[in-house]
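Open the model in your viewer and keep the selection panel at hand. Below is a stop-by-stop tour: what to select, then what is there.

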Amino acid sequence: MSEAAPSAAAIKEFTRPPSLLGKSVTGRYITVAFMVLLLVLPLVAWFTGNTFYLDFSTRIICLSFAAVSLNLILGFGGMISFGHAAFIGIGAYMVGIPAYHGYESGWLHFPLAMGVSALFALVTGAVCLRTKGVYFIMITMAFAQMAYYLFLSLEEYGGDDGLTIYNRSVLNIIDIENKVVLFLLAYAALATGIYAVYRIVNSRFGMVVRGCQSNEARMKALGYNTYAYRLTAYVIAGAMCGLAGALLGNFQSFISPDMMGWTRSGELMFMVILGGTGTLFGPVLGAVAFLVIEEILSAFTTYWALPFGILLILSVLFIKGGLSGLIHRGLKHG
Amino acid sequence: MSTLFLIQFLNGLQLGVLLFLLAAGLTLVFGIMDFVNLAHGSLYMIGAFFCATLTFWTGSFLLAVPLALVATAIVGLVVETGVIRHLYQRDHLDHVLATFGFILIADTSVQLIWGPEGIAIPLPEALQGQVQILPGVIFPAYRLVIIAAGLLVAFGLYWLIGRTRLGMLIRAGASNRTMVSALGIDIKTLFTAVFALGAVLAGLAGMLIAPITEATIGMGNDIIITAFVVIIVGGIGSMKGAFIAAMLIGLIDTLGRSFLDDMLKVFIPVNAAETAGPAISSMLIYIIMAAVLALHPQGLFPPKVR
Amino acid sequence: MADTLLAVRNLKKSFGGVNATDDVSIEVERGELHAVIGPNGAGKTTLIAQLSGDLAPDSGKVLLDGKDITSVPTHRRSHFGMARSFQITSVFMNMSVIANVSLAVQSHDGTSFRFWQPACTEERLRRPAMDILDKVGLADRAGTIASAMSHGERRQLELAMALATKPRFLLLDEPMAGMGVEESAAMVGILKGLKGDKTILLVEHDMDAVFALADRISVLVYGRVIATGKPAEIRRNKAVRDAYLGED
């Protein structure tokens, strides 16, 4: 391809866009199978009376969605945010606080969760994105901690003790008090989220954001106000994660500042890296792997974090490109 | 009011010196190795637990501190040579993830060894009392010791970096890596030594505060973020910036928590002030950080271009 | 004076008391290829940084077509008709050649706040990008990832990206740096093709290239312009020979 005249196909593929289901045929099958299993297995488990797996899967899906949103800025925009869990917390509180005051409509909760998260992203992002590198990592972390302390100080809403959500968000078309319906809603949100990221990263806007990741000085010289584009991406990711938080809050029926502690942000980041940054389904893969390993280890020992931490370090030292990269390389050789 | 202010001012200084001890280690490790160490707070915690155990073994806090410092240094050495040194060439993202793994390991290991409960450390008689610092103003003697110890270390670091051969190497390493190698100095050993020094400073901070707060699991995870705020405000890599910012943040945080709601009551209704006061004061240092960054994206004292 | 496109007036910038740019004034006429040469440490990099907007001067002005752009941020300068190449090759390594150029075209083709339609199928980005690749001789490499290209090719790509923003004024920072003899010759050929069409300020170490291409040359030494003139005049200039050309 490199030496010959450009074929139409070569030009068409000029951006090397992350295609929705992966480039190789086998890769596509694996992706589709994986997403189908993620939908079907929990439902089968539920029908056979095993509700634990349905609950566990709902949690996985909510956090996958959060990881997908983080991947938009981390994987495609090169913004290493260590404060993404703040949006999960904000989203969850935007369900909990109105519910506490008696406003139970989901048509209020979900837009509010996305709106307030977007606003928080806009304000903090405006400061964070003036900085680079390590500064950015630490400042995102600091702002998330600020949100954490803010909710901790709100004694009206339980402060440290958290807040119980007695009734899930009321949506007049579906009833998410039903666990299966909530699971399906979360799954639909995740699928939509992945598709949205796919469209965004291949759009003009996405190309600009990816250009900023690759070489920001060049983007500026080309005439792009990189700050505005990166901030917009940051806001989109924040809003998406706010929605993930609202779903998670509904699922858990209990929310606390702990949901946005900085270790949560670290876990989210690790899910993305583990799965493979800058891939569409990688974050889902990473979230599944992370939560399943956590679940298995914690079944064996209360000290599960010890082997987990060791795994984390080993994976940083030895796995390049995350699980997606591993699978990709496996397919190439196999 | 002015008495209370003086006491809170001293409390703010005390927080400031602790933050400085942490920020100094972060500054050294980042400034010289370009390494982001999230697990720095774990060394703070480990220092506190070592000190607790050694206090019970030796029967004396004052004897335990130097021993615990040595033990913390050894942990620093082991961690650096075992894992950290393989990460210097990696990007910051890998640093962040690997040291995040360390936090999990450290927290769980401490729980395995010392159990889930916090450990109180008894102080020697001489340090337990209160002293009268001004007529009618008394203040815990031990807190004054913390402030004095912190300032002493700050002076020591100033001397170390400005006046000694090691300091010269550190400054050279920060500005010119190849030059240090060209001088025939083993850069690996230098990096290990610097990392261990950072560990000792963090450990010292942990053992100084432990008699007041107890040694608890995860005690480093909150304060480390504040230490990050300090080095961001001060300018990452600048020791002078770290010192000034540490004092500033320590004072603002402490005074804000004590006096903000009273100050707000002047402007807004009392009950509103009582709700808003804690909320705003909990965010105060982050707002300060944002304000500083809006004016100086590199912090107050950005180090010279490397 | 004739029709000036870029005017640099009394530009000053010092770092810690050292004058990196010391009262520099340069006029670049429309259609001219104006070269800036100078020994290492003469302040060429600092000058470029101020022209491109990466660095704010302490005093003095930069005028583009009579408009004061001294305090205009980098990205806005592109929309005033300025484009640049970087000393260290600066392309999007992880993207294909055509994507690199398309992204440059896109910056001057309406808003990029379009979130849904794929950019890679947009004919209005692809077509102009292919035309420019033709012009710099990279059309047959359109599908190649930039990181897989040779150094010289990346240099050409970088020039293509600068051209894609339809500039009136090109700021070229050592485009021949690190190139072999053949690659340099190819680049000289491309620049010759641009001469007259674009106004160019060329900062370059390669003297053969400079004397082959430039209409006029300014010589920068210790932050000062010690001479400006036609290549032949510069060759004869005693001060220049002492300060600079005499060296090698």
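Start with strands 2, 1, 4 and 5 of chain C: in the order 2-1-4-5 they make an open sheet of four strands with antiparallel pairing. Helices (H or I, at least four residues) and strands (E, at least two) are DSSP runs, numbered from the N terminus. Two strands pair if DSSP finds at least two bridges between them. The edges are strand 2 (18–29) and strand 5 of chain C, each pairing on one side only.

This is a predicted model, in which local features need pLDDT of at least 70 and side-chain atom pairs count only at pLDDT 80 or more, while totals for chains, interfaces and linings use all residues; side-chain values use heavy atoms, with hydrogens and water left out. Residues are numbered from 1 along each chain as its sequence is written, and chains are lettered from A and ligands numbered from 1 in the order in which they are written.

**Inside the four-stranded sheet**

Select residues 4–15 and 59–64 of chain C. These are strand 1 and strand 4, antiparallel and joined by five bridges. Find Arg9(C): its bridge partner in strand 4 is Lys61(C). Ala7(C) stands opposite Leu63(C) of strand 4.

Stay on Leu63(C). Its bridge partner in strand 5 of chain C is Asp68(C). Strand 5 covers residues 67–68 and runs antiparallel to strand 4, with two bridges between them. The two strands form a hairpin with two residues between them. Which residue in the turn has a positive phi? Select Asp65(C): its phi is about 55°, although it is not a glycine.

Now add residues 44–52 of chain C. This is helix 1, which lies across strand 1, strand 2 and strand 4 and runs at about 120° to strand 1. Axes here are lines fitted to C-alpha atoms, for helices over the stretch in contact, and angles run from 0 to 180 degrees between N-to-C directions. Contact means heavy atoms within 4.5 Å.

**The six-stranded sheet**

Next, select strands 6, 7, 8, 3, 9 and 10 of chain C. In the order 6-7-8-3-9-10 they form an open sheet with mixed pairing. Strand 6 (82–85) and strand 10 (224–229) are the edges, each pairing on one side only. From one strand to the next, the twist averages 15°.

Zoom to residues 169–173 and 199–203 of chain C. Strand 7 and strand 8 run parallel here, joined by five bridges. Asp173(C) has Val203(C) of strand 8 as its bridge partner. Then show residues 151–164 of chain C. This is helix 5, lying across strand 6 and strand 7 at about 155° to strand 7.

**All of chain C**

Zoom out. Chain C has nine helices and 10 strands. Its radius of gyration (taken over C-alpha atoms) is 18 Å, close to the 18 Å that the globule rule (2.2 Å times the number of residues to the power 0.38) gives for 248 residues, so chain C is as compact as a globular protein of that length. Its C-alpha atoms fill a box of roughly 60 × 40 × 35 Å along the principal axes.

Which chains have the most contacts between them? Of the two pairs of chains that touch, it is A and C. Chain B and chain C do not touch, and their nearest C-alpha atoms are 11 Å apart.

**Helix pairs in chain A**

Move to chain A and select residues 106–128 and 226–252. Helix 5 and helix 10 pack at an angle of about 145°, their axes 7 Å apart. The crossing is right-handed, meaning that the near helix is turned clockwise from the far one by less than a right angle. Residues that meet include Phe110(A) and Met114(A) from helix 5, and Tyr227(A) and Leu231(A) from helix 10. The contact has 16 nonpolar, six polar and no charged residues. Ala, Val, Leu, Ile, Met, Phe, Trp, Tyr, Cys and Pro count as nonpolar, Asp, Glu, Lys and Arg as charged, and the others, Gly among them, as polar.

Step past helix 10 to Ser253(A), in the loop before strand 2 (254–255) of chain A. Its phi is near 60°, a positive value in a residue other than glycine.

Last stop: residues 179–202 and 204–214 of chain A. The axes of helix 7 and helix 8 come within 4 Å and cross at roughly 75°. The two helices are therefore roughly perpendicular (65 to 115 degrees). Among the contact residues are Ile200(A) of helix 7 and Phe205(A) of helix 8. The contact divides into four nonpolar, two polar and two charged residues.

How values were computed:
Parallel < 35°, antiparallel > 145°, perpendicular 65-115°, else oblique.
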